[in-house]
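Biologist: I am new to reading protein models, and I would like a close look at a single part. Could you take me through the charged pairs slowly, and then the surroundings?

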Amino acid sequence: MPDAIVEFQSVGCGTMRGMRTESRHLSVSIDRPAAEVYAWVRDPAHLPLWAAGLASGIRRERGEWVADSPMGRVLVRFVPVNEYGVLDHDVVLPDGTTTTNPVRVLADGAGSEVVFTLRQAAGATAEEFDDDTAAVAADLETLKRVLEAG
């Protein structure tokens, strides 16, 4: 895992259809002000620049953000703009399954920290969860690189 990513693992935090789920909190420090990071990440048009695991292309269709992802055509829906750095977003898969991704941008001095909570998908093996963790970590590293490059 890249040096800039810190992973905290918590077993059994939450429930999914009566089953306990696992979450991992992945974070990256970015040498840019939190407000700037929040505004940039919040724009779905930027997803292909940093979130390879989600979008290779994105466009507006009938008022919705539609992404071309490794899983097929997905919808991406962010929470409304807010003053708390909350960037939670739903990804609606082709079969209608909705995955909520909790994301926060936290001020850290003159810089910021982006925290992404990854939840193990129902039925996913430990190996698949590890693969998802590696993909999110790589995306966060890309986000850091893109934003710090200006």
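Biologist: Here is my request: with which residue does Asp-68 form a salt bridge, and how far apart are the closest N and O atoms?

Modeller: Happy to help! First, a word on what you are looking at: this is a predicted model, where local features need pLDDT of at least 70 and side-chain atom pairs count only at pLDDT 80 or more, while totals for chains, interfaces and linings use all residues. Residues are numbered from 1 along each chain as its sequence is written, and side-chain values use heavy atoms, with hydrogens and water left out.

Now to your pair. Asp-68 forms a salt bridge with Arg-59, and their closest N and O atoms are 3.1 Å apart. The term salt bridge stands for a side-chain nitrogen of Lys or Arg within 4 Å of a carboxyl oxygen of Asp or Glu. Side chains of opposite charge can pair when their charged atoms come close.

Arg-59 also forms a salt bridge with Glu-61, with 2.8 Å between the closest N and O atoms. Widen the view a little, and you find Arg-59, Glu-61, Asp-68 and Arg-73 linked in a network of salt bridges. How open are these residues to the outside? Asp-68 is partly exposed, with a relative accessible area of 31%; here buried means under 20% relative accessible area, exposed over 50%, and partly exposed in between, using a 1.4 Å probe and protein chains only. Arg-59 counts as partly exposed because its relative accessibility is 30%, and Glu-61 counts as partly exposed at 25%.

Next, look at Arg-62, which is found in the loop between strand E5 (57-61) and strand E6 (64-69). Strands (E, at least two residues) and helices (H or I, at least four residues) are DSSP runs, numbered from the N terminus. Arg-62 is exposed, with a relative accessible area of 82%. Its phi is near 50°, a positive value in a residue other than glycine. For background, most residues other than glycine have a negative phi.

Strands E5 and E6 belong to an open sheet of five strands, with the order E5-E6-E7-E8-E9 and antiparallel pairing. The edge strands are E5 and strand E9 (98-101), each of which pairs on one side only; two strands pair if DSSP finds at least two bridges between them. At the E9 end, four bridges join E8 to E9, and these two strands run antiparallel. Within that pairing, Val-91 stands opposite Thr-99 in E9.

One more charged pair is worth your time. Arg-104 forms a salt bridge with Asp-88, the closest N and O atoms being 2.3 Å apart. This pair links distant parts of the chain, 16 residues apart: Arg-104 is in strand E10 (residues 103-108), and Asp-88 is in the loop between strand E7 (72-78) and strand E8 (89-92). Arg-104 is partly exposed, with a relative accessible area of 29%, whereas Asp-88 is buried at 15%.

To put these pairs in context, a search of the whole structure finds nine salt bridges, including the one you asked about between Asp-68 and Arg-59.
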